[in-house]
Amino acid sequence: MSPRRPARTTRALAILATAAMLLGGATATAAPGDDRALPPGGVSVDGQRIPVHGTFAYRGFQLDTNPEIRGAVHGVRRIDGGTVLYYSLGMARGQGAEKISPTWAFPNSSYPYQMSRAVDVALIDPVGLIAYRPVADPTTTFASDVTKLAGEAGALRVGWAVFPELPPGVETVQVVMPWGTAVGDVPVEDGALTPVSGEPAPRLGDGWPQTPSGAELAGADPSSRLYTLTRRTSDIAGTAAVEETTEQVAVTLDANVLFASGSADLSAEAQQVLATVAADIQARGAGEVVVAGHTDSDGSDSFNQTLSEQRAAAVLGVLQPASGAAVTFTSVGRGESEPVASNATDEGKQANRRVTVVYSVQGVS
Amino acid sequence: MTSRRLTSHRRSRAVVAALALSAMLAACSSDDPSPKPAPTEVAETQASDDWTVAELEQAVLEGDIGTSTVLATVTGALLDGPRSIPAEVEVTEVAADEVSTLVRFTLRAVDDSNPMLPLTFFNQLRPLTADIRDVAIVDAGAGLRLLPFVGVSQADPDKTLCSCAGSPPRMSQVGQPLSATFPALDTATTTVSLELPGFPAIEGLPVARR
């Protein structure tokens, strides 16, 4: 939800931003004037409740010389056999076109989807670490026909897409609109929106599109529309970067911090970092923990291979005693064989000097 | 949000936070007493809830929907190997939700050359995904750097997605709206920094709570 802010709040923001930017070395500018501000949650239009849970703006093909498409998300709602996303989109007048081009609004859809369907949308569950794309069966794509959505400038038309059923515990998802445009958190609610319009893409305020029945959705394969998500975080110094899915954690440790140059002797900083990793392994680790050492390309292959093995063994030596009995450990040296960046630059070499710790985790992340 | 789902989520955040704390302690870095700014207000706006369709359409199509109020401007360069392409970024929204953080910004050229852009400028390692997955926010209070979520199809490992915008193939002085969603911020966080490869860190961005 991105409500327009009243003048007082805008001024407060500008003051905060100015102060912050003066401290931070960047510049801040005041906001333009507003007309009627979009309130959080939605509005009533002629007695009909129009929920507004978020807004978005993008340009077709990510080209800023194309007209700007804008819209709002009106709901993510559980229906029989799936989850429906309602949104509206349109284009302001005065951008050099009377109507939206369908290809500005959505990229062309392709197999397994029908042509000209509005399927470049996604729902993201950032807690369960699963993303969802629209469902389809061999003959039907359960999403708006883009050619119907592409209306006249100045108007908002309502589109929809059906996704797999969300697990019962999911109460909030992120919505991603075409070309990766982020909307932010949207609550998951129950039941299709009413009243239902007879139009496939009604103008906003004229009712909501008819959604498919559970029987119609029964032929779709939801499992093919799921994406496994990775949450990516690190400490500010970049000493430890963590990539986490529901099943696995991969910690990449900066060897420049863990070890002196060319050495496999752990630093004092390393002991503290590894104690934290070990605590997490003990809390939720399962199966085998694989510790792998990597080097840059400086030096001979044999030296780098030996150094990477020694460094991995040194890390294992600290982790294993502190990680509990529920896991087993393996260490391996990869030498310079698996770079993650170019060895032609100092920055790339620094990134390549690393130790990774990969372990499985139990339960929902 | 159920407590069961959040418990593990918080635990994983705690791992990184603890790692961050370890690193900070090791560096003995901070005796800076600088105060934290107050949280940004997001006020209720209208007394009347009755709108016309035209008003609603105007608000969405022409109003500030997180795209106009410039919180900060910074100039830098998009990097393309030895070549660099001067550019400007305007940050227009940092909105913290319960389970994610939304950031919107505009990328524009500083001249009328309308340069073509490499796929790598905000995506060094996986440019063929054609997105801006290298953008990051820093929650200094929590000691964390956060990146957008990335995903891989369970049915086809060649299909990926990112909770971030696609990579623009060109840019002009008009400006391209870009956005990304990141993991949730600490509830006490009131400002963040935005890190874009090739640009100075944009610090002190006020966080709006929704």
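This talk describes selected features of a predicted model with chains A and B.

Good morning, colleagues. Since the model is predicted, the local features presented here are restricted to residues with pLDDT of at least 70.

I begin with chain B. Its secondary structure comprises two helices and eleven strands. Read from the N terminus, the order is α-β-α-β-β-β-β-β-β-β-β-β-β. The chain has 210 residues, and 56% of them are buried. As for contacts with a separation of 6 or more, 60% of those in chain B involve residues 24 or more positions apart. The exposed surface of chain B is about 8600 Å², and carbon and sulfur atoms contribute 53% of that area.

Chain B also carries a disulfide. How many disulfides are there over all chains? The count is one. The bond joins Cys162(B) to Cys164(B), with 2.0 Å between the sulfur atoms. The S-S torsion for Cys162(B) and Cys164(B) is about 125°, and the disulfide is therefore right-handed. Are the two cysteines buried or exposed? Cys162(B) has a relative accessibility of 7% and so counts as buried. Cys164(B) is buried as well, at 2%.

Let me turn to the place where the two chains share a sheet. An open sheet of three strands runs in the order S2(A)-S1(A)-S1(B), and its pairing is mixed. Which strands form the edges? They are strand S2 of chain A, residues 48–52, and strand S1 of chain B, residues 50–51, each of which pairs on one side only. Strand S1 of chain A, residues 41–45, pairs with S1(B) in the parallel sense, over two bridges. Within this pairing, Ser44(A) is opposite Asp50(B) of S1(B). As a general reminder, strands of a sheet pair through backbone hydrogen bonds, either parallel or antiparallel.

The next topic is aromatic pairs, of which there are seven over all chains. Phe56(A) and Tyr58(A) make a stacked pair, with 6.1 Å between the centres and 20° between the planes. Both Phe56(A) and Tyr58(A) are buried. A tilted pair is formed by Tyr87(A) and Phe106(A), at 6.1 Å centre to centre and 50° between the planes. This pair links distant parts of the chain, 19 residues apart. Tyr87(A) belongs to strand S5 of chain A, residues 82–91, while Phe106(A) sits in the loop between helix H2 (102–105) and strand S6 (122–125). Tyr87(A) is buried, with 0% relative accessible area, and Phe106(A) is buried with 1%. Ring pairs also connect Phe56(A), Tyr58(A), Phe61(A) and Trp179(A) into a cluster.

I now come to the salt bridges, which number 19 over all chains. Glu189(A) bridges to Arg77(A), and the closest N and O atoms are 3.1 Å apart. Where do these partners lie? Glu189(A) is in strand S10 of chain A, residues 181–190, and Arg77(A) is in strand S4, residues 68–79. They are 112 residues apart. Glu189(A) is partly exposed, at 26% relative accessible area, whereas Arg77(A) is buried, at 13%.

A further salt bridge joins Arg117(A) and Asp145(A), at 3.9 Å from N to O. Arg117(A) lies in the loop between H2 and S6 of chain A, and Asp145(A) lies in the loop between strand S7 (130–132) and helix H3 (146–149), so this pair ties together parts 28 residues apart in sequence. Arg117(A) has 18% relative accessibility and counts as buried because the cut-off is under 20%.

Arg231(A) and Glu244(A) meet in a salt bridge of 3.5 Å, N to O. Arg231(A) is in strand S11 of chain A, residues 226–235, and Glu244(A) is in strand S12, residues 240–244, so the bridge ties together parts 13 residues apart in sequence. Arg231(A) is buried at 3% relative accessible area, and Glu244(A) is buried at 2%. Through shared partners, salt bridges join Arg231(A), Glu244(A), Asp280(A) and Arg284(A) into one network.

I close with one residue, Leu258(A), which is located in helix H5 of chain A, residues 255–258. Its relative accessibility is 0%, so Leu258(A) counts as buried. Which residues does Leu258(A) touch, not counting those up to four places away in sequence? Among them are Leu253(A), Leu266(A), Ala270(A), Val315(A) and Val355(A). Leu258(A) and Val273(A) are 15 residues apart in sequence, and their C-alpha atoms are 8.7 Å apart in space.

Thank you for your attention.

Methods:
Residues numbered from 1 in each chain as written. Chains lettered and ligands numbered in written order. Predicted model: local features only at pLDDT ≥ 70, side-chain atom pairs only at ≥ 80, totals over all residues. Heavy atoms only, no water. Disulfide = S-S within 2.5 Å. Buried < 20%, exposed > 50% of the residue type's maximum accessible area, 1.4 Å probe, protein only. Helix = DSSP H or I, 4+ residues; strand = E, 2+ residues; numbered from the N terminus. Contact = heavy atoms within 4.5 Å. Areas by Shrake-Rupley, 256 points an atom, 1.4 Å probe, with all protein chains shown as cover. Phe/Tyr/Trp six-rings, centres within 6.5 Å; stacked < 30°, edge-to-face > 60°. Pairing = 2+ DSSP bridges. Salt bridge = Lys/Arg side-chain N within 4 Å of Asp/Glu carboxyl O.
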